[in-house]
Amino acid sequence: MTVCEPGSGGCAGPWLTVVSGPSGVGKSSVVAEVLRRWPRLFVSVSVTTRAPRGGERPDEHYHHVDRATFTSMIERGEFLEYAEYAGNFYGTPAAPVRQALAAGRSTLLEIDVQGARQVRATMPDALLVMLVPPSWEVLHGRLSHRGTEDPAARKRRLRVARDELDAAREFDATVVNDDVQRAAQELISLMAGMGRRTPPSGLP
Ligand code: 5GP
């Protein structure tokens with residue numbers, strides 16, 4: 001098996017990995033830890049119509065745009081995938097992903113299940129990983145305590161979360177986020193195992 005050495009060029013590749021999981025499962029923390037261990041990994045910055053949350057730095061967590069801008073990006077075919085999630089649009093700009101893969105950088109997308117399905121359809125060799133909570137109660141608690149959504153938005157996200165967890169069987173692997181360090185290491189190991197797969201194809 002190919003050994004992935006974060007910080008020294010990363011895994012053989014370039015490879016594309018998708019990480020999905022319900023809101024509140026801790027995707028951002030796990031991805032941040034993966035990036036800390038593997039600085040050469042390219043993590044795509046999504047475009048969204050969602051209003052910035054407190055603490056979100058523009059163009060670092062997301063590129064925040066209005067709906068008209070998002071729609072014209074769709075029309076110009078600039079997205080690798082996009083979806084509407086809980087009333088807002090989110091999309092992965094194709095060009096930076098294409099450039100990263102062409103430059104030999106393994107690439108990670110943190111996107112929702114609808115987006116993961118689109119990537120599966122257009123790039124069947126991509127690795128799809130679902131991050132899941134240790135239990136439903138833990139997810140409920142995390143979403144309530146982070147306090148970034150009002151009660152109605154939280155309820156909507158919990159409803160979506162049930163459907164997302166049901167989709168886990170469509171994914172190549174499931175990682176339980178019982179501990180951020182452990183989950184990040186498991187994700188890196190899965191990505192390292194991709195050395196045996198054929199490179200992704202089908203980029204727009
Ligand atoms: P949040 O508003 O909590 O940052 O994100 C809501 C959901 O949208 C999360 O499941 C997140 O993974 C997903 N998401 C973020 N960026 C993208 C994207 O570019 N495409 C898609 N399809 N989903 C995204």
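## Helix α7

Helix α7 covers residues 180-192, and its 13 residues should span 18 Å at 1.5 Å a residue; the end C-alpha atoms are 18 Å apart, so the expected and modelled spans agree. The structure is a predicted model.

At the start of α7, D179 places a side-chain oxygen within 3.2 Å of the backbone nitrogen of Q181. Further along the helix, the buried residues are A183, A184, L187, I188, M191 and A192. These buried residues of α7 pack against strands β1 (16-20), β7 (107-110), β8 (127-132) and β9 (173-176), and against helix α1 (27-37).

## Position of R120

R120 lies in helix α4, which runs over residues 113-122. R120 has a relative accessibility of 27%, and therefore counts as partly exposed, since that class lies between the 20% limit for buried and the 50% limit for exposed.

In sequence, R120 and V18 are 102 residues apart, while in space their C-alpha atoms are 9.3 Å apart.

## Contacts of R120

Apart from neighbours within four places in sequence, R120 is in contact with A126, L128, E170 and D172.

Two of these partners also appear in polar pairings of the R120 side chain. With A126, the R120 side chain reaches the backbone oxygen at 3.3 Å. With D172, the polar contact is between the two side chains, at 2.9 Å.

Methods: Residues are numbered from 1 along each chain as its sequence is written. This is a predicted model: local features need pLDDT of at least 70, side-chain atom pairs count only at pLDDT 80 or more; totals for chains, interfaces and linings use all residues. Side-chain values use heavy atoms; hydrogens and water are left out. Helices (H or I, at least four residues) and strands (E, at least two) are DSSP runs, numbered from the N terminus. The expected span of a helix is 1.5 Å times one less than its number of residues. Buried means under 20% relative accessible area, exposed over 50%, partly exposed in between (1.4 Å probe, protein chains only). Contact means heavy atoms within 4.5 Å. A polar contact is a pair of N or O atoms within 3.5 Å; within protein, one must be able to donate a hydrogen and the other to accept it, and residues adjacent in sequence count only if both atoms are side-chain atoms.
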